[in-house]
Amino acid sequence: MKDTMTIVNNRTNESYEFDILDPTRGPSVVDISSFYAKTGMFTYDPGYTSTASCTSDITFIDGAKGELRYRGIEIEKLANKHSYLDVCYLLLNSELPNKEQSEDFDLELRHRSFLHEGLMNLFRAFPSNAHPMATLSSATSALSSFYYDHLDIKNEAEYQEMARRIIAKIPTIAAFAYRHSIGAPFIQPDIDRSFTENFLYMLRAYPGGKMHRNINGEDHIREIEIKALDTIFTLHADHEQNASTTTVRNVASTGAHPYVAISAGISALWGRAHGGANESVIAQLKMIGSVENVDKFIERAKDPNDEFRLMGFGHRVYKNFDPRAKALKALQDQLKNELQLDSKLMQIASRIEQIALNDEYFIQRKLYPNIDFYSGVILTALKIPTSMFTPIFVIGRTVGWITQWIEFKKDPKSKIARPRQLYIGK
Ligand code: CMC
């Protein structure tokens with residue numbers, strides 16, 4: 001017999017029964033899909049704080065424990081022992097690749113990283129000071145015009161090709177968007193470089209593919225930089241039904257082209273309450289200016305009459321710690337030692353962290369540093385331009401969006417997203 005929940009309408013004394021669904025992990029879910037049909041009423045849940053919008057077997061988060069898993073595997077293990085591309089393969093195929101699969105996947109992505117020449121005109125149409133996120137979102141949408149949109153739902157190869165293509169091309173689009181924003185010539189992908197190294201190369205190289213050599217005659221892309229960025233991509237790869245992923249699923253539900261759905265996800269991510277926070281963290285640290293000013297800004301963050309919020313703090317789901325932030329804190333400490341970094345921004349950030357973690361306001365509300373608090377500082381240390389922080393989040397998250405898009409398409413229960421409202425107008 002199924003477990004059910006009975007809801008009593010105290011106005012009429014009528015009662016209604018709803019099935020309780022059990023997940024493989026996490027809290028149970030009440031199936032209210034028949035709520036309107038049974039009761040003639042809607043449910044009200046602004047910001048979806050209590051609503052599960054789909055079933056999924058991709059990513060699991062336990063916010064109370066600070067746990068995150070992709071396809072059942074702990075994020076710590078993936079970040080420490082696997083490459084970002086292996087994580088992409090895992091998300092798309094539900095299992096980690098063997099050596100041969102890993103090499104084939106890597107090679108295929110290298111080959112798919114080039115953009116159609118026709119797209120170049122689009123980059124040039126943007127003003128020279130355009131934010132790379134605006135260009136990235138538009139160019140991704142434009143990509144839909146170059147590829148077919150009627151995927152055969154039963155043809156796994158078509159889905160995989162569509163997914164691999166977008167994962168491979170997003171770093172190139174992001175790098176081109178940046179080069180355009182600084183008026184620098186575009187650098188084509190280098191087929192001999194790995195996914196993450198190639199992205200750094202496209203950001204930094206001179207025309208003809210030349211790199212600045214450092215004093216030892218080495219390329220300016222260091223192994224430690226590639227490893228750090230690869231880890232950042234892995235930590236951003238998926239995060240179940242967050243705002244941008246929900247946007248991607250909602251667009252998918254209308255039958256629009258997959259790349260248009262990804263473009264919508266990019267736009268949703270840009271906001272500072274979501275992925276845009278990593279750029280805002282740095283802007284805020286610069287505004288605070290010195291360690292001595294930190295207390296003043298903490299007081300502002302606590303003042304209910306002040307709109308100021310500490311960027312990089314708080315999370316809808318994590319009420320203990322953000323495991324991604326924990327992994328990045330370890331990476332930051334490692335970089336600090338290996339690159340001998342101790343910038344003013346790092347000092348301000350660590351003072352904020354120290355105060356906030358011991359302050360009643362933050363403790364009571366369970367506000368901890370999130371992934372964006374540390375990623376901004378690390379990316380600054382890696383000399384990544386600030387305007388590229390959120391595009392870097394996009395590069396990492398594209399695999400999550402497209403995997404969720406595929407899951408949505410394959411789910412026979414998927415319906416067009418069409419919430420209702422509590423009308424309070426005339
Ligand atoms: N600084 C100061 N107070 C805060 C902060 C903050 N960063 N975040 C939440 N609060 C307070 C908020 O004022 C409220 O207090 P009260 O109960 O007295 O009204 C309480 O904490 C609950 O906040 P909320 O806005 O109801 O929480 P939410 O779950 O709706 O919002 C959030 C989550 C991430 C949007 C929010 O914490 C925030 O704006 N943080 C700063 C932006 C940020 O770092 N975003 C990145 C999130 S992680 C990357 C990603 O996955 O997108």
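**Close-up 1. Arg193, a buried arginine paired with Asp190**. With a relative accessible area of 10%, Arg193 is buried (buried is under 20% relative accessible area, exposed over 50% and partly exposed in between, using a 1.4 Å probe and protein chains only). Its side chain meets that of Asp190 in a salt bridge, 3.0 Å from N to O. Here a salt bridge is a side-chain nitrogen of Lys or Arg within 4 Å of a carboxyl oxygen of Asp or Glu. This is a predicted model, where local features need pLDDT of at least 70 and side-chain atom pairs count only at pLDDT 80 or more, while totals for chains, interfaces and linings use all residues. Residues are numbered from 1 along each chain as its sequence is written, and side-chain values use heavy atoms, with hydrogens and water left out.

**Close-up 2. Lys2 meets Asp19**. The two side chains form a salt bridge at 3.2 Å, N to O. Lys2 sits in the segment before strand E1 (4–9) and Asp19 in strand E2 (residues 14–21), so the contact ties together parts 17 residues apart in sequence. Strands (E, at least two residues) and helices (H or I, at least four) are DSSP runs, numbered from the N terminus. Lys2 is exposed at 58% relative accessibility, whereas Asp19 is partly exposed at 25%.

**Close-up 3. Lys302 and Glu299 in helix H13**. Their closest N and O atoms are 3.3 Å apart in a salt bridge. The partners are three residues apart in H13 (residues 294–302), or about one helical turn. Both are partly exposed, Lys302 at 22% and Glu299 at 46%.

**Close-up 4. A salt-bridge network**. Glu108, Arg112, Glu161, Arg164 and Arg165 are all linked up here. Across the whole structure, the search turns up 23 salt bridges.
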